[in-house]
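Please open the structure in your viewer and keep the sequence panel beside it. The tour below moves from one selection to the next and says what is to be found at each stop.

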Amino acid sequence: MSKVYFLKTENNASDELLADKLKKIIAKEGLFNFIAEKDMVAVKTHFGESAQSGYPRPVILKGLGELARERGALPFMTETSTLYKGNRDNAVIHTEHAHRQGFGFENTGMSIIMADGLYGDEEVEVAVDGKIYKSVKLASLIVKSQALVCVSHFTGHLIAGFGAAIKNMGMGCASRKGKMIQHSTAKPQIVSGPCTKCKQCITWCPAEAITMGDDSAVIDPDKCIGCGECLAVCRFDAVKYNWGATFEELQKKIVEHAFGVYKANEGKGVYINILTRISKDCDCMPRYENICEDIGVLISHDPVAVDAASLDLVEKHSGKNLSEMAYDIPYRYQIDYAREIGFGDADYELVEM
Ligand code: SF4
Ligand code: SF4
């Protein structure tokens, strides 16, 4: 049974206070003791699509970097490029965006080095014993660094059910090819009856895959990257998605890629889930809709345990199932599938700090 450390917080407590308490708990419990002198430590996070989204705040990262430096290591913040066009689809604009979001050295004490290179194509293949893959394509610095501190914000997610450590590892640490492979099966269609031709989906599609036809908007399946954005923005229920055939497949693929990240950092990783500013959608979305009061921070050496504990705490705290708060899909599938392939331990022991 894996231990998950739980630091409680008050609703709307300051990020500075949370960062300070987190540092003290990690130091007291020796949760960074796996980091050795001169280790290059990849602090994987998400810089947020907009200032409004609930991404882990720079001051939290700053404290984690300081703890790594106290062990004589060399921490750096890292991320990967997105598949879709926007603020984060190559290393140059992504790092500029991160600076605008407040992640400069002056606020974090760490540099930003993109894990998948300038164009998202710097990758290393890692062996996994999955049911779909025998190897996965990961961003090279996630594999080449000597230690991983994975900092994830807990959110709902319209395809994965929820986003936290497993999602941050599986999709967030994959190279561009690794991301494409995961998204390849999830493609929606537009039905003409309910479509009002309002063009919202065309505006928001990050892949320019939608055009306006005679009767309705039309998706080009060759351009579609399966992000699900059109599904989220259509108010007329005109975008159809075969959940039964896609969510399972996508979640399995995410979990197997996350398994690869875990294996590449076995014994050299820690997984920190931030349960504040909990939102209906992931931090890739520019919009922000809060669905639960702040709960705290969870830390574990087991990403499956920390995600299982996070889900349980969100539901206990709100008194609702996640599907009532976010999207009505089988959101525990990531955890169940991890158990099925022998990744991590979903049976955790919660240690309240
Ligand atoms: S957002 Fe919906 S209703 Fe509007 S054009 Fe797209 S599919 Fe049609
Ligand atoms: S899922 Fe929808 S929004 Fe996303 S790329 Fe495909 S058509 Fe565009």
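Begin by selecting Arg339, which is found in helix α13 of what is a predicted model. Is Arg339 buried, exposed or partly exposed? Because 16 C-beta neighbours lie inside 10 Å, Arg339 counts as partly exposed. From Arg339, draw a distance to Val304, and the two C-alpha atoms turn out to be 8.5 Å apart in space, although the residues are 35 apart in sequence.

Now widen the selection to the whole of helix α13, residues 333-340, and colour its buried residues, which are Tyr333, Gln334, Ile335, Tyr337 and Ala338. Just beyond the helix, look at Gly342, which follows α13 and has a positive phi, near 75 degrees.

Keep α13 on screen and add helix α11, residues 303-318, so that the pair can be viewed together. Two packed helices are described by the angle between their axes and the distance between the axes. For α11 and α13, the axes come within 10 Å and cross at roughly 150 degrees. Angles over 145 degrees count as roughly antiparallel, and α11 and α13 are therefore roughly antiparallel to each other. The crossing of the two helices, α11 and α13, is left-handed. To see where they meet, show the side chains of Val304, Asp307 and Ala308 in α11 together with Gln334, Ile335 and Ala338 in α13. The residues of this contact divide into four nonpolar, one polar and one charged.

For a second pair of helices, select α1, residues 15-29, and α2, residues 58-70. At what angle do α1 and α2 pack? The angle is about 25 degrees, and the axes are 8 Å apart. Angles under 35 degrees count as roughly parallel, and α1 and α2 are therefore described as roughly parallel to each other. Turning the view along this pair, you can follow how α1 passes α2 in a right-handed crossing. On the α1 side, the contact is made by Asp15, Glu16, Leu18, Ala19, Asp20, Leu22, Lys23, Ile26 and Ala27, and these meet Val59, Ile60, Lys62, Gly63, Glu66 and Leu67 in α2. Sorted by class, the residues of this contact are eight nonpolar, one polar and six charged.

Stay in this part of the chain and select Asn12, whose place is in the loop between β1 (2-8) and α1. Asn12 has a positive phi of about 65 degrees although it is not a glycine, and with 9 other C-beta atoms within 10 Å it is exposed.

Next, move to Phe47, in the loop between β2 (40-44) and α2. Phe47 counts as buried because 24 C-beta neighbours lie inside 10 Å. Which residues does Phe47 touch, not counting those up to four places away in sequence? They are Tyr55, Glu79, His97, Ala98, Gln101 and Phe103. A distance drawn from Phe47 to Ala139, 92 residues apart along the chain, gives 17 Å between the C-alpha atoms.

Now turn to the ligands, and select ligand 1, which has 15 residues around it, with Cys195, Cys198, Gln200, Cys201 and Cys234 coming nearest. By class, the shell around ligand 1 has 10 nonpolar, three polar and two charged residues. Then select ligand 2, which 13 residues surround, the closest being Cys205, Cys224, Cys227, Glu229 and Cys230. The shell of ligand 2 is made up of 10 nonpolar, two polar and one charged residues.

Two loop residues complete the tour. Ser216 lies in the loop between β9 (210-212) and β10 (217-219), and because 17 other C-beta atoms lie within 10 Å, Ser216 is partly exposed. Leaving aside neighbours within four places in sequence, Ser216 is in contact with Ile190, Ser192, Cys195, Lys197 and Ala238; the Cys195 in this list is one of the residues that come nearest to ligand 1. Finally, select Asp237, in the loop between α9 (229-233) and β11 (239-240). Asp237 has a positive phi of about 55 degrees although it is not a glycine, and it counts as exposed, with 11 C-beta neighbours inside 10 Å.

Notes. Residues are numbered from 1 along each chain as its sequence is written. Chains are lettered from A and ligands numbered from 1 in the order in which they are written. This is a predicted model: local features need pLDDT of at least 70, side-chain atom pairs count only at pLDDT 80 or more; totals for chains, interfaces and linings use all residues. Axes are lines fitted to C-alpha atoms, for helices over the stretch in contact, and angles run from 0 to 180 degrees between N-to-C directions. Helices (H or I, at least four residues) and strands (E, at least two) are DSSP runs, numbered from the N terminus. Angles under 35 degrees count as roughly parallel, over 145 as roughly antiparallel, 65 to 115 as roughly perpendicular and the rest as oblique. A crossing is left-handed if the near helix is turned anticlockwise from the far one by less than a right angle, and right-handed if clockwise. Two residues are in contact if their C-beta atoms, placed from the backbone, lie within 7 Å. Ala, Val, Leu, Ile, Met, Phe, Trp, Tyr, Cys and Pro count as nonpolar, Asp, Glu, Lys and Arg as charged, and the others, Gly among them, as polar. A residue is near a molecule or strand if its C-beta atom, placed from the backbone, lies within 6 Å of it. A residue is buried if 20 or more other C-beta atoms lie within 10 Å of its own, exposed if 12 or fewer, and partly exposed in between; C-beta atoms are placed from the backbone.
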